[in-house]
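Q: I have this chain open on the screen and would like to go through it with you. Could we begin with how some of the helices pack?

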Amino acid sequence: MLWRYKGRVLPSLKKICILKSSSACNIFSSPMICLSMNDKTHQFFSRENLKVFLTPQIVHSTLLNCRSDLIALSFFIWCAKQHNYFHDKQAFDYMVSVVARLTNRYKTVKGIVKELESVGLITKAQTFLLLLRIYWRGGMFSMVFETFEEMGSVGFKPNTFAHNVVMDVLLKIGHVDAGIKVLKEMEFPNFLSFSILLSNLCKLNDLVNIKDVLQIMLTQGYYPNVETFEMVLNCFCKVGRLLEAYQVLGAMVIRGISLSVNAWSMLIDGFCRLHQPDIASFLLEKMVQSGCSPNIVTYTALFKGFIEARMITGAFGILNTMESVGYVPDLLLCNVLIDSLSKIGRYDDALDLFLGMSKWNLVPDCYTFSSLLSTICSSRRFNLLPKLVRGLVVEADLVVCNSLLNYSCKAGFPNFAVELYNDMIDKGFQPDNYSFVGLIRGLCGIRRVNEAVNVYLGMVMNYSGLDAHVHTSIIDGLMKNDKCHIAIKLLRTAISEKYPLDVVSYTVAIRGLFKSGRTAEAFALYNHMKEVGLSPNKRTYNIMLYGFCVERDVKMVNMLLREIIKSGVQLDCSTFLRLTNFLFKSHLSSSSFNQLIKLWNLLVMRNEVMHLLLFDGLTNNVKSGDANNSLLKGYLEDNLFVDSSSSDELPDLAASVC
């Protein structure tokens, strides 16, 4: 049902590209036949008493044979009005190109509607809704907004579906606050409204808004289904917020939702990422006890977690358990294991695993080859490389070439790397950003700095698609070679030329500036990064805090603490230790101490560790007459830090919800 509409809810947005660039040539290459004034085709589908049995096949065939795009759109709208008929995806996909051509011809939604009226189609709310859906499906986002506004200007009130579409588009183009505002102002939001919003927020890892939207959803009586819960659970696990993930898990259990193998695997992988394989292993036991069988993905995550924690015996025990219940390692698991073993220096185990792949009837691929290259180069067993190349029946692709390029530089053969790069070009390979990064890092790693700079400048001159990773690699390489002035010069050029830079690019430069004693420039670059819309990440904050702690600048440290608490970013425990020590030695104020407590609440840290830190600060850094002495003792004696969500109680919490 649609009602008369008077207000507007869309924010003021700049026009964006009407058509997807990738499909523009196909859209505009098709000829368009204009509908003549004496054409009677539209009468076929406008007769009120005409009985037609519509099927998706008939509709699609008719659309293909329409003499003009305008007739096709009129017929499409007419079909949608027929009782118990609904267009399928194929029809909507076809209409994307039709409406795109009409948009190019008539320029505006108003112009298209006027032409539809000229061939006898009465404009109704459904006309706008169908156009809205077509534009949405075709990624023509500016036209979605125009259709929504035009719908209201002619007196129709957009319904929940229309608001859902607009909300989805706003989130997709990064206007999160505007999208949430649409939800809050929506008269009749439905389950799909919340699902669309949560899906987009999870893709953005917007944890704060995810919590708020979930609260609104539950308040209005809508309960997430299994897919929505798992989507949110996965988001929290990916960013290491396991406490929030457990809250989601508890909500699922309370509502009687059975945990799927996906949900369990997400949690297990999350704890493995936090280097807590013991808790992950505990969850595996609870998973089996609940009647849910682990799959190959579950075992892969757990195996990798144990390997990265250097718990080799436990890792191979998991592999034995997996085989005992009938699971055979797949190629992905083997590639992960070879790579993981290599990274922790277990080169013999990595090679043995590779040699044992045949017993599982697994054929190595290019990624296996790349992982073995890492193993051979890291172990400096370069004599094995010819045997590996001869023994593998793998056609060298760009991935393999990039790996050879990268590891030949690391192995100390930059001349071979340059020859290989030239050989790639001669053989017709189109180098990508990984090729460029591998070459630059290798050259910088062996202190061929001038050559690396020349290569980079040549790339900038000849390739327009360089990504932030390439620009970051030269800045990082120069900084590590104590060429800070050259690195900053290249960074400033990249900024002025508007090359793609990300938070890692700025963070690497900030670290180099601090290392060179150029603190004021580091802070200026930090502010510039925020001005261009890049939010500092954990690594950025760690470096900034470390730099100002070294400078003993209490004012700047306190300012950064306020920013970190507001952003909700979790600091590394080592940074927290350094910060605690610095603040105690600087005779921290009560406000600084409160900030320290808030920071601790963001960390996944055992209460005993926190108490030890405070006690150490109390005994070693605070004078007996210090006013903060009583403050610290009060916090410790009242045990205000003990929280049921602390990481030392996670196993008990897991048991309580499983």
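**Helix packing and confidence**

A: One point to begin with is that the crossing of H7 and H8 is left-handed. Please bear in mind that this is a predicted model.

Q: At what angle do the axes of H7 and H8 cross?

A: The angle is roughly 145 degrees, and the axes come within 10 Å. H7 covers residues 141-153, while H8 covers residues 160-172.

Q: Which residues of H7 and H8 meet there?

A: H7 contributes Phe 141, Val 144, Phe 145 and Phe 148. On the H8 side they meet Ala 162, His 163, Val 165, Val 166, Val 169, Leu 170 and Lys 172. By class, this contact of H7 with H8 has 9 nonpolar, 1 polar and 1 charged residues.

Q: And how do H8 and H10 run relative to each other, roughly parallel or roughly antiparallel?

A: Their axes cross at roughly 5 degrees and come within 10 Å, with H10 spanning residues 191-203. Angles under 35 degrees count as roughly parallel, so H8 and H10 are roughly parallel to each other.

Q: Which side chains should I select for H8 with H10?

A: In H8, select Thr 160, Asn 164, Met 167, Asp 168, Leu 171 and Lys 172. Their counterparts in H10 are Leu 192, Ser 193, Ile 196, Leu 197, Asn 200 and Leu 201. The residues of this contact of H8 with H10 divide into 6 nonpolar, 4 polar and 2 charged.

Q: Changing topic, where does UniProt place the PPR repeats?

A: The unreviewed UniProt entry gives the feature "repeat: PPR" at several spans, including residues 124-158, 225-259 and 537-571. Residues 225-259 are 74% helix and 0% strand, with end C-alpha atoms 12 Å apart. For residues 537-571, the content is 77% helix and 0% strand, and the end C-alpha atoms are 9 Å apart.

Q: Where is pLDDT under 50?

A: Residues 11-50 are one such stretch, and residues 604-615 are another. Where pLDDT is low, the predicted coordinates should not be read in detail.

Q: What is the mean pLDDT of the chain?

A: The mean is 77, and 76% of the residues reach 70 or more. Among the elements, helix H1 has the lowest mean pLDDT, 33, and helix H27 the highest, 94.

How values were computed: Residues numbered from 1 in each chain as written. Predicted model: local features only at pLDDT ≥ 70, side-chain atom pairs only at ≥ 80, totals over all residues. Heavy atoms only, no water. Axes fitted to C-alpha atoms, helices over the stretch in contact; angles between N-to-C directions. Helix = DSSP H or I, 4+ residues; strand = E, 2+ residues; numbered from the N terminus. Parallel < 35°, antiparallel > 145°, perpendicular 65-115°, else oblique. Contact = heavy atoms within 4.5 Å. Nonpolar A, V, L, I, M, F, W, Y, C, P; charged D, E, K, R; others polar. Left-handed = near helix turned anticlockwise from the far one by under 90°. UniProt positions renumbered as here; feature names shortened; annotations may be inferred. pLDDT = per-residue confidence, 0-100.
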